[in-house]
Amino acid sequence: MTHAIQSNLVKLGGHLARAAVLSQNPRINRFQRFNWGHVRRLTTMSSQIPLSSDFLFRQMFDPTSCTYTYLLADTESKEAVLIDPVLEQVDRDAGVVRDLGLSLKFVMNTHMHADHITGTGLLKKKVPGCKSLISEASGAMADVHVEPGEEVKFGQHKLEVRSTPGHTSGCVTYVCHEQGIAFTGDTILIRGCGRTDFQEGDPAVLYKSVYEQIFSLPDNFKLYPAHDYKGLMVTTVEEEKKLNPRLTKSLDQFIEIMNNLNLPYPKKIDVAVPANRVCGIQDDN
């Protein structure tokens, strides 16, 4: 064994011995656990809230726009709501409602989308009796406009409306407290967030919305976004508070990141935004 190898082994032994001594110090242990957090791993996980037996939940996907549409219903009364429908998937959505024998009460959007045309208007034709719903702040047409703090009720269940602007000025998050779930639109995505460079976007406002209206929910609440581009389906408040690469930054760092994404505009923005202002494409003939 060469002298250099022997020297390195001695040094390694010293480091290991020092680590063993430090591990007995509770202050060092806390510091080490804090540092481990920076590698973005969950060391613990909160227990999940199960859905109640009378709550129907379906998550559906549009592969072109990578949009999630959510169908929620009360299995006793059969009243249902549909969140963020896509025009090209209207026949699918209407078919599921029909197959399950549901009474579609509201077709609702989390915000005025720019990457796809909402299916709301056409669904009103396909499923008579349902009403369109969106936030008053969105500026879009709808049968029902909601304000922060109001509740959207279907059967025995309800969704609280929380104002979460930043991606657009009219973004809202729908929270079902009893089921421990929230539908965040584009405000927060799984390990990401909506862009802030068009449609009244503002990174500082989005950051404030997330911390005050979404991260203030219990850690074990599940978050369902309007989009995902990596095949992920759901996250939790706890996960995003600890693992989101943008929203774990300081406000100044977050603004810097968002102002330098340099993303191309959505391909359908020039068509989608005008259509979504009038509740999507509607055939009034």
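# Close-up views of a predicted model

**Figure 1. E240 and R191 meet through their side chains, with a polar contact of 2.5 Å between them.** The model is predicted. E240 sits in helix 6, which spans residues 237–243. How much of E240 is accessible, in relative terms? The relative accessible area is 0%, so E240 is buried. R191 also appears among the residues in contact with E240 once neighbours within four places in sequence are set aside. That list runs I188, L189, I190, R191, G192, F215, L223, T235 and T248. For L223, the C-alpha to C-alpha distance to E240 is 9.2 Å. In sequence, E240 and L223 are 17 residues apart.

**Figure 2. The side chain of H227 has polar contacts with D115 and C66.** H227 belongs to the loop between strand 13 (222–225) and strand 14 (235–236). Is H227 buried or exposed? Its relative accessibility is 1%, so H227 counts as buried. Towards D115, the contact is side chain to side chain, at 3.1 Å. Towards C66, the H227 side chain reaches the backbone oxygen, at 3.2 Å. Leaving out residues up to four places away in sequence, H227 touches S65, C66, T67, Y68, H113, D115, H116, D186 and L189.

**Figure 3. C66 and D84 each have a positive phi.** Most residues other than glycine have a negative phi. C66 has phi near 55°. C66 is placed in the loop between strand 1 (55–62) and strand 2 (67–74). With 17% relative accessibility, C66 counts as buried; the cut-off for this class is under 20%. For D84, phi is likewise near 55°. Which elements flank D84? Strand 3 (79–83) and helix 3 (90–99) do, with D84 in the loop between them. D84 has a relative accessible area of 1% and is buried.

**Figure 4. F198 and Y265 form a tilted aromatic pair.** The structure holds 13 aromatic pairs. In the pair of F198 and Y265, the ring centres are 5.5 Å apart and the planes make an angle of 50°. Tilted pairs fall between the stacked limit of 30 degrees and the edge-to-face limit of 60. Why does the pair tie together parts that are 67 residues apart in sequence? F198 lies in the loop between strand 12 (192–193) and helix 5 (203–214), while Y265 lies in the loop between helix 7 (251–258) and helix 8 (269–277). F198 is buried, at 8% relative accessible area. Y265 has 49% relative accessibility and counts as partly exposed.

**Figure 5. Y207 and F254 form a tilted pair between two helices.** Their ring centres are 5.3 Å apart and their planes stand at 45°, so the pair is tilted. Y207 lies in helix 5 and F254 in helix 7, so the pair joins parts 47 residues apart in sequence. Y207 counts as buried, at 13% relative accessibility. F254 is also buried, with a relative accessibility of 0%.

**Figure 6. Six aromatic residues, F57, F61, Y68, Y70, F183 and Y224, form one cluster.** Y68 in this cluster is also among the residues that H227 touches.

**Figure 7. An open sheet of 6 strands has mixed pairing.** The strand order is 7-8-9-10-13-14. Which strands stand at the edges? Strand 7 (151–154) and strand 14 do; each has a single partner strand, so one side of each has no neighbour in the sheet. Strand 8 (residues 157–163) and strand 9 (residues 172–176) run antiparallel and are joined by 4 bridges. R162 has T173 in strand 9 as its bridge partner.

**Figure 8. The whole protein chain has 8 helices and 14 strands.** Of its 285 residues, 46% count as buried. The chain exposes about 14,500 Å². Carbon and sulfur atoms supply 55% of that area. Among contacts with a separation of 6 or more, 64% come from residues 24 or more positions apart.

Methods:
Residues are numbered from 1 along each chain as its sequence is written. This is a predicted model: local features need pLDDT of at least 70, side-chain atom pairs count only at pLDDT 80 or more; totals for chains, interfaces and linings use all residues. Side-chain values use heavy atoms; hydrogens and water are left out. Rings of Phe, Tyr and Trp (its six-membered ring) pair if their centres lie within 6.5 Å; planes under 30 degrees apart count as stacked, over 60 as edge-to-face and the rest as tilted. Buried means under 20% relative accessible area, exposed over 50%, partly exposed in between (1.4 Å probe, protein chains only). Contact means heavy atoms within 4.5 Å. A polar contact is a pair of N or O atoms within 3.5 Å; within protein, one must be able to donate a hydrogen and the other to accept it, and residues adjacent in sequence count only if both atoms are side-chain atoms. Accessible areas come from the Shrake-Rupley method with a 1.4 Å probe; for residues, only the protein chains shown count as cover. Two strands pair if DSSP finds at least two bridges between them.
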